[in-house]
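Trainee: I'm new to this one. Could you take me through it?
Mentor: Sure, let's look at it together.

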Amino acid sequence: MSVGRERLYSMMAAAVALLVVVLAIAPDASEWFRWICLGLALVTLMLMVSTTGSARVELYESQVKLRQTRRERDEIERYFRALMDSLPAWIYFKDRESKFIQVNKALADYSGIPAAGMIGKSDADFLDKESAGKNRSDEIRILASGEGRERFIERESLPGGGDAWVLTSKLPLRDRQGRIIGTFGVSSNITEMVEGQRTLEKERNMLRTLLDSIPDSIYIRNWEGQYLVVNRALAELVGSSDPAEVTGKTPFDYFPAEAAKQFIEEDAGVMEAGDSVIKPNAVVRKSDGDLRHLLTTKVPMRDSEGNVFGILGINRDVTEHERAREAVKQTEHRMQEIVDNSPQPMYAKSVTGHYLMVNRRYEDLFGMKSEDIVGKTDLEVIGDEQVVKRLQKNDRLVLHRGEPVQFEETIRFPDGERSYVSVKFPMRDLDGEIYAVGGISTDITARKEAEQALQDLNQELMQTHENLTQAHEQLIQAEKMESVGRLAAGVAHEVKNPLAMIGMGLELLARRLPADDEKGKETIARMKRGIDRAKKIVRGLVDYSSDRRMELRSIRPDRLVTDALELVEYELNQAGIRADFVPDSELPSVQADQTKIEQVLVNLFINAMHSMEAGGVLVIRTELLNAENVPYNEGSRLRDRTREGDRMVMITVTDTGMGVPEDVLSKLFDPFFTTKPTGKGTGLGLTVARKIAELHGGELVLANRKDRSGAIASLTLRADRL
Amino acid sequence: MTKKPKVLLIDDEVDFTELLAENLEDSGYVVRQVNDPTKALAAARSFLPDICVIDLVMPRMDGGDVVTALKGDISLSNTPVLMLTALVEESPDDPGELQMKGGLPFISKTSALEVIINGIKTQLGQR
């Protein structure tokens, strides 16, 4: 051992001894501790004495070492100083009394007090009482326990006022012997960092709130299908109350394996393709077995290097929407079923006349499928232009009126016509705009037929009733006529006798009148005319009731007319009437009693003549008719006596006179009915004429000409069979 | 002057026969009337007329029976008859025409005197 070293040792021992003594005499040291310290001092002194022998030798050596050590120490101190002055953290050293021993530049700068000014002072000199007190109690705790507090964050009041967030470590300061001689601390101002972190946190919370309040479920899944981030909606979707609970789980935890597998495969597809997709999904969630309809958007997620690490999924829950749609579809389906099973054809046509829908009955009716009808027009479906025109007219009326209208419509089918009562109505969209005409048609063909049948039956019944009434009237009439006939002969005889007697009397009187008695002559002439009138009436009656036997023979109709015309030729000329008759020798002959038919014709000619007082034209025509075309009197029995194929010759006598008043027409054939002035007619002429026609199996009909320019009489007689 | 022809009127109508008789007498005939047909034959037998003018419808015996009776009498069988009755009508075309029915000439009772006289003349002329 060198002298220097020895000396150093002895000096160190002395220092220890000295320290021990100092400590021993320290006023607060306990008695036994002082004694120990004094012992140690004595041992040190002895050691020093024993080594003094070699001390000189080693002195030089130690001096060299000492210089070297000083240099090294200076060096370290320079480093330390440099470090202290350049570190941004605040560093201080305090003694046991919490007085600053050392402060670095950063702390001094921060405090605004030169380092030298701080040394020997405590926090109480710079800080508020509370902060200083807190620091002091921290330090006392460290001093007592030897335990430091490392890396804690606290709010620090600043000496210059204000405060800051600091990251602090406070540690015990020990001497070489490990004794705690004070404390030291390092604090970094992390206010900016803390504020930044707070802002970040706030932002994160906002983002979270945003995510959680979005009704769409949002999640990020990685390659393994694990949920990395989920929002509240997703948690709810999978039946969890806490999004945090879902994080780290996979779809397998919440959905049936099949579906989960599919999701993850989809994820992989999106990640591999690097493109987003949107597609609908329907899943049953495990928690409550509820079927959810989702519209899913998946977007690949990339990290800052652009590598895909997962997918961002957004599920829009369209279950309610889907269910509403389903409900609408259900309702529609139900309506369609009702509509399809209706026995009535139903249809809707657009305002342009194109079919929008038809029901099954409609399809059946036209033998076409709905899809072949929709989009077509009536003309294309029904075809019958006439029918279609009427239908379209009805449709237009509904569009025009804007309210339901009922129509009777007829449609021709290959197997016949069918009638419908169609209720057609405007169809409006939600804005109230008419976009179509709807229709429901009810087949009333059978009903109409039944109605028609009923009507026919009714008609027939009424006809029968009328016939019956007429027959009854005819019976009465016939009875009346019969009586008249029976009476006529007797009456004629009884009336004619007095007439003859009067006639004779007049002859006598006439002769015996004085030649100049003009008055008397005139009276007698008048009386003779009276007798003539009476005779005529009687003659008519007799004709009517006379022998019904007739002398029928074949005779040409033109001959009948010509002969009859000859009989009245003179009278016609006198009355200024021209007879217009062109004989037609081609006509077949008729079976007739010439005298009687001539009587009829003459009667007709005379009647015509009487109606043409101012002259005119008497037109006589003959023609051949089939029995069914002959005009008949009401209730005529001739109709029943003719057979199909029977031919009749009709002689028409037309005048240009005044015609017959309508109310008179029906009475023309009544006995004693006459329109002629008294004395001009007997009222029996037509009665007898008709009787004669009937006895011939013919008919005598009187009517007015259509243009009211006179009367027309038609006498029909049976033509000879060929 | 020729002898006046005798006419027997057989008719139940008294008023008529009276007037006709007077007219015929005025026209130069000798006239006798019988108003009961049952007495006609007797009257004819006694009167022996040149012509009998007979009504058809009479009570108890009609004109036909009277004609039969007259024809059955030898003295009267050739005496012409003229049936004057209300049962026949005057022919509208020729009022003076004698209508032959059943072989007998008929003339309407309501005919004018002239017509009747013509009828009588015609029948007398046939004798």
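Trainee: Which elements of chain A have the lowest and the highest mean pLDDT?
Mentor: Helix 1 (residues 3-24) of chain A has the lowest, 60, and strand 11 (residues 346-350) of chain A the highest, 94. pLDDT is the predictor's confidence in each residue, from 0 to 100. This is a predicted model, where local features need pLDDT of at least 70, side-chain atom pairs count only at pLDDT 80 or more, and totals for chains, interfaces and linings use all residues. Residues are numbered from 1 along each chain as its sequence is written, while chains are lettered from A and ligands numbered from 1 in the order in which they are written.

Trainee: Why are helix 17 and helix 18 of chain A called roughly parallel?
Mentor: Helix 17 (residues 557-575) of chain A and helix 18 (residues 594-611) of chain A pack at about 30°, with axes 9 Å apart. Angles under 35 degrees count as roughly parallel, so these two helices are roughly parallel to each other.

Trainee: What makes Leu560(A) and Ile597(A) part of the meeting between these helices?
Mentor: Residues are in contact if their C-beta atoms, placed from the backbone, lie within 7 Å. Leu560(A) is among those in helix 17 of chain A that meet helix 18 of chain A, whose side includes Ile597(A). The contact's residues divide into 13 nonpolar, one polar and three charged.

Trainee: How many residues of chain B are in contact with chain A?
Mentor: 16, against 16 residues of chain A. Helix 1 (residues 14-26) of chain B gives the largest share of chain B's side, seven residues.

Key:
Axes are lines fitted to C-alpha atoms, for helices over the stretch in contact, and angles run from 0 to 180 degrees between N-to-C directions. Helices (H or I, at least four residues) and strands (E, at least two) are DSSP runs, numbered from the N terminus. Angles under 35 degrees count as roughly parallel, over 145 as roughly antiparallel, 65 to 115 as roughly perpendicular and the rest as oblique. Two residues are in contact if their C-beta atoms, placed from the backbone, lie within 7 Å. Ala, Val, Leu, Ile, Met, Phe, Trp, Tyr, Cys and Pro count as nonpolar, Asp, Glu, Lys and Arg as charged, and the others, Gly among them, as polar.
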